[in-house]
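Hi everyone, thanks for coming. Today I'd like to walk you through one chain and how a few of its helices pack together. Please have a look at it first.

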Amino acid sequence: VTMSFIQSNGLERVHFLGSTGYVFGFRSCLSGHPYGGMLTALTDTTFYKIPSETVMREMQRSRDFFQYTMYAEYTRGLMYSRKLELLALPTNMQKVAALLLSMAYKVGVDEEQGTLIPIRLTHDLIARLMYTDRVSVSRVLSILEKERMIARYRGLFRVLDFDSLIDIVEK
């Protein structure tokens with residue numbers, strides 16, 4: 001799932017969110033100051049809208065729910081930290097390699113031919129996540145494919161050579 005916000009200056013900020021169980025809008029729910037946003041699911045997804053009053057009441061009533069919601073907020077903070085680390089990498093090659101590695105480790109399915117990332121990542125989406133242009137992402141993916149570090153399979157990416165991708169990120 002991705003989340004994007006349109007800022008007052010008209011720029012769209014895109015954030016990659018994560019997987020099952022992610023809580024969207026938790027911060028505005030706690031603060032009572034809602035903000036606009038948009039979610040885009042890359043796979044079949046179910047969303048639930050829960051009024052902030054219900055969340056607050058349940059947090060006061062249930063220690064388990066309180067801990068779960070605090071863990072969700074902690075996880076979100078870690079995710080933003082990881083994104084900052086990714087964006088701090090100096091080249092698009094390193095950023096794309098790091099993203100593919102992260103996705104392969106987090107949601108990858110190990111198969112005989114490599115590790116399949118079961119989420120459709122378009123060149124445009126990758127570019128938006130990294131604040132770069134689609135052409136640059138396409139060039140990087142083409143190089144990684146020619147070097148047999150990744151392969152495309154029915155619109156999905158498959159990581160073939162983890163060690164080489166790690167070497168790129170650690171340059």
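**Three helices that cross**

Let me start with one crossing: H5 passes H6 in a right-handed way. A crossing is called left-handed if the near helix is turned anticlockwise from the far one by less than a right angle, and right-handed if clockwise. The names come from DSSP runs, numbered from the N terminus: helices are H or I runs of at least four residues, and strands are E runs of at least two.

Before going on, a word on what you are looking at: this is a predicted model, where local features need pLDDT of at least 70, side-chain atom pairs count only at pLDDT 80 or more, and totals for chains, interfaces and linings use all residues. Residues are numbered from 1 along each chain as its sequence is written, and side-chain values use heavy atoms, with hydrogens and water left out.

Back to our pair. The axes of H5 and H6, which covers residues 134–146, come within 8 Å and cross at roughly 110 degrees. Axes here are lines fitted to C-alpha atoms, for helices over the stretch in contact, and angles run from 0 to 180 degrees between N-to-C directions. That angle makes H5 roughly perpendicular to H6. For the vocabulary: under 35 degrees counts as roughly parallel, over 145 as roughly antiparallel, 65 to 115 as roughly perpendicular, and the rest as oblique.

Which residues of H5 and H6 meet? On the H5 side they are His123, Asp124, Ile126 and Ala127, and on the H6 side Arg134, Val137, Ser138 and Leu141. Contact means heavy atoms within 4.5 Å. By class, the residues of this contact divide into four nonpolar, two polar and two charged. Ala, Val, Leu, Ile, Met, Phe, Trp, Tyr, Cys and Pro count as nonpolar, Asp, Glu, Lys and Arg as charged, and the others, Gly among them, as polar.

Now let's bring in H4, residues 92–107. Its axis comes within 11 Å of the axis of H5, residues 123–130, and the two cross at roughly 110 degrees. So H4 is roughly perpendicular to H5. Lys95, Val96 and Leu99 of H4 make this contact with Ile126, Leu129 and Met130 of H5. Sorted by class, the contact of H4 with H5 has five nonpolar, no polar and one charged residues.

And how do H4 and H6 sit, at what angle? Their axes come within 10 Å and cross at roughly 70 degrees, so H4 and H6 are roughly perpendicular to each other. This crossing is right-handed. Asn92, Met93, Val96 and Leu100 in H4 meet Ser136, Val140, Leu141, Ile143 and Leu144 in H6. The contact of H4 with H6 has seven nonpolar, two polar and no charged residues.

**What is inside?**

Is leucine 141 buried or exposed? Leucine 141, which belongs to helix H6, is buried, with a relative accessible area of 0%. Buried means under 20% relative accessible area, exposed over 50%, and partly exposed in between, using a 1.4 Å probe and protein chains only. Leaving aside neighbours within four places in sequence, leucine 141 is in contact with Val96, Leu100, His123, Ile126, Ile150, Arg152 and Phe157. Its C-alpha is also 8.8 Å from that of alanine 97, although the two are 44 residues apart in sequence.

H5 is largely enclosed by the rest of the structure, because six of its eight residues are buried. Those six are His123, Leu125, Ile126, Ala127, Leu129 and Met130. Right after H5 comes tyrosine 131, with a positive phi near 55 degrees.

In H4, the buried residues include Val96, Leu99 and Leu100. There is a nice length check here too: at 1.5 Å a residue, the 16 residues of H4 should span 22 Å, and the end C-alpha atoms are 22 Å apart, which agrees. The expected span is 1.5 Å times one less than the number of residues.

**And what is outside?**

Glutamate 147 lies in the loop between H6 and strand S6, residues 150–153. It is exposed, with a relative accessible area of 52%. Lysine 171, in the segment after helix H7, counts as exposed at 76% relative accessibility.

**The whole chain**

To zoom out, the chain has seven helices and seven strands. Buried residues make up 35% of its 171 residues. Thanks for listening!
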